[in-house]
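Me: I have a model open and would like to learn how to read its helices, its core and its aromatic residues. Could we go through them one by one?

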Amino acid sequence: MYSIQADKTFQKIIKIFYLSGIWQRDEEPNYRKIGKKLFYTSFGALLPIFFATNSVLCVNRNESIFSVQIAILLWVVYLKFLYLLFKEQEIFDFLNDPTVVHSIENREQYQQTNKKIKKFIGLVRLYFFTLCLTAALLIIVKLPIFSTDKGLPVFISFTWNDSEIIYWLTYLFLSLSIALYCVVNFMTPLVWYIMLNYSVEYQLLGDKLKNLEGKTIKNEAQNENKQEKGTKKMLGQKTYNLIQQSKQFVENLIVLVTAHRNLNETIERFRSCFSTLFLAQITTSGIIICVSVYNLAFASMKNIFQVELYVAVLFYEFFDIFLVMYLANDITLASDRLSYYLFESNWIEQTESCKKYVVIMGEVLKQPQQLVVLIYPMNVETFMTIINRAYSMFNILKSFQ
């Protein structure tokens, strides 16, 4: 029996959450836990409020549009922050669920599954590196020693305030907030990892259904009771073995169907838990992608760092919504193939009563697991709809230029 545990990368993420105080340990007093949650809840809301305020007060039109875009994006990240603060136990339960910690009997299946998860971990590490590098550059690039203008991180001009003290306090606030939101975004790969493992578990379940068979039970003469001997004598050895084989087949099928039901229930709890976050991503991603493309189309090439920021925002939002939709679509596809895998087993060699069980379960397995948020199915088709809407909004926005 082989098992795949959560990668050390995710253990480090959890450790960072504890060190930063976003998550609290059990031994901490309740008043301290409540105090930390209240502090982070109020402090975290200040950054999107700041950008919303800047969109109204700044003079530059392009900067105002960019501030609206960042404010919308940050409200979604702030929602992730609230999930981290108030749904710590639920996230832990999903990460430590038996469906995420796979138990595999076949060595070849174990190697294939392990290889797939390792490729995903490589993508996650690249995501962390890019995120941390971008956050560090945003803070450093606008430092007075590197910049001649009195600007703020994320290329905010701050022309609506002349106070030197307020400028430096705002710079400190933005720097701390950027670092905090960088840590908050570490939650995103946790959600991706959980969804990836659900699709992997469906694939493993499909392999078990495909290789489902009833092994003939061979009882030694000294272990047989009189009733078994009498049954064998009346039915014959071959018929008796077929009955025993079909009985074992049905028992194995019941075990797999139970595992399938448990997996469906777990995914439904996951969907219900994160439905608000997914809905926020679906409804806002088109706007953010549209404005990112708009900013890139009309950006001045004199400021290369600002152009790179626009590209970073575009890629962040694109992959943030794409991977969620892709992994949800992968769950649907993996669950949709289960009935085909069942009928690829040696069910045809079983008894007539056993075949009836297989046909009934085949109909049950024909209903794929689909994640639906409000009226939006989470799949690649919905992602393409979001992109098309972003393109349409871009054309409308461009007409006002």
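Me: What span should the 28 residues of helix α2 have, and how far apart are its end C-alpha atoms?

Reply: Note that this is a predicted model. For a helix, allow 1.5 Å a residue. Helix α2, residues 30-57, should therefore span 40 Å, and its end C-alpha atoms are 41 Å apart, which agrees.

Me: At which residue does α2 bend?

Reply: Compare the helix axis before and after a residue. In α2 the bend is at Leu-47 and comes to about 25 degrees. A proline, Pro-48, follows within four residues.

Me: Which helices do the buried residues of α2 pack against?

Reply: List the buried residues, then look for what they pack against. In α2 the buried ones include Lys-33, Tyr-40, Phe-43, Leu-47, Pro-48, Phe-50, Phe-51 and Asn-54. The buried residues of this helix pack against α1 (8-20), α3 (61-86) and α6 (164-184).

Me: Which residues touch the most other members of the largest nonpolar core?

Reply: In soluble globular proteins, nonpolar side chains tend to be buried together. Here the largest nonpolar core has 121 residues, and those touching the most other members are Phe-17, Ile-22, Phe-51, Met-195, Phe-270, Phe-274 and Met-378. Helix α9 (residues 237-297) supplies the largest share of this core, 18 residues.

Me: What is Phe-17 in contact with, leaving aside its neighbours within four places in sequence?

Reply: Its contacts are Ile-22, Trp-23, Leu-84, Val-183, Phe-186, Met-187 and Leu-190.

Me: How many aromatic pairs does the structure hold?

Reply: There are 35 aromatic pairs. To read one, take the centre-to-centre distance and the angle between the planes. Phe-50 and Phe-51 lie 5.6 Å centre to centre with 85 degrees between the planes, an edge-to-face pair. Phe-50 counts as buried because its relative accessibility is 11%, under the 20% cut-off. Phe-51, at 2%, also counts as buried.

Tyr-127 and Trp-192 form another edge-to-face pair, at 5.2 Å and 70 degrees. This pair links distant parts of the chain: Tyr-127 is in helix α5 (residues 107-141) and Trp-192 in helix α7 (residues 187-210), 65 residues apart. Tyr-127 is buried, with a relative accessible area of 15%, and Trp-192 is buried at 2%.

Me: Which residues form one aromatic cluster with Phe-50 and Phe-51?

Reply: The other members are Phe-39, Tyr-40, Phe-43, Phe-81, Phe-158, Trp-160 and Phe-173.

Me: Which residue lies over the face of Tyr-18?

Reply: For a charge over a ring, look at the distance to the ring centre. Arg-25 lies over the face of Tyr-18, at 4.4 Å from the ring centre.

Key. Residues are numbered from 1 along each chain as its sequence is written. This is a predicted model: local features need pLDDT of at least 70, side-chain atom pairs count only at pLDDT 80 or more; totals for chains, interfaces and linings use all residues. Side-chain values use heavy atoms; hydrogens and water are left out. A nonpolar core is a set of buried Ala, Val, Leu, Ile, Met, Phe, Trp, Tyr and Cys residues joined through side-chain atoms within 4.5 Å. Buried means under 20% relative accessible area, exposed over 50%, partly exposed in between (1.4 Å probe, protein chains only). Helices (H or I, at least four residues) and strands (E, at least two) are DSSP runs, numbered from the N terminus. Contact means heavy atoms within 4.5 Å. The expected span of a helix is 1.5 Å times one less than its number of residues. The bend at a residue is the angle between axes fitted to the seven residues ending there and the seven starting there. Rings of Phe, Tyr and Trp (its six-membered ring) pair if their centres lie within 6.5 Å; planes under 30 degrees apart count as stacked, over 60 as edge-to-face and the rest as tilted. A charge sits over a ring if NZ of Lys or CZ of Arg is within 6 Å of the ring centre and within 35 degrees of the ring normal.
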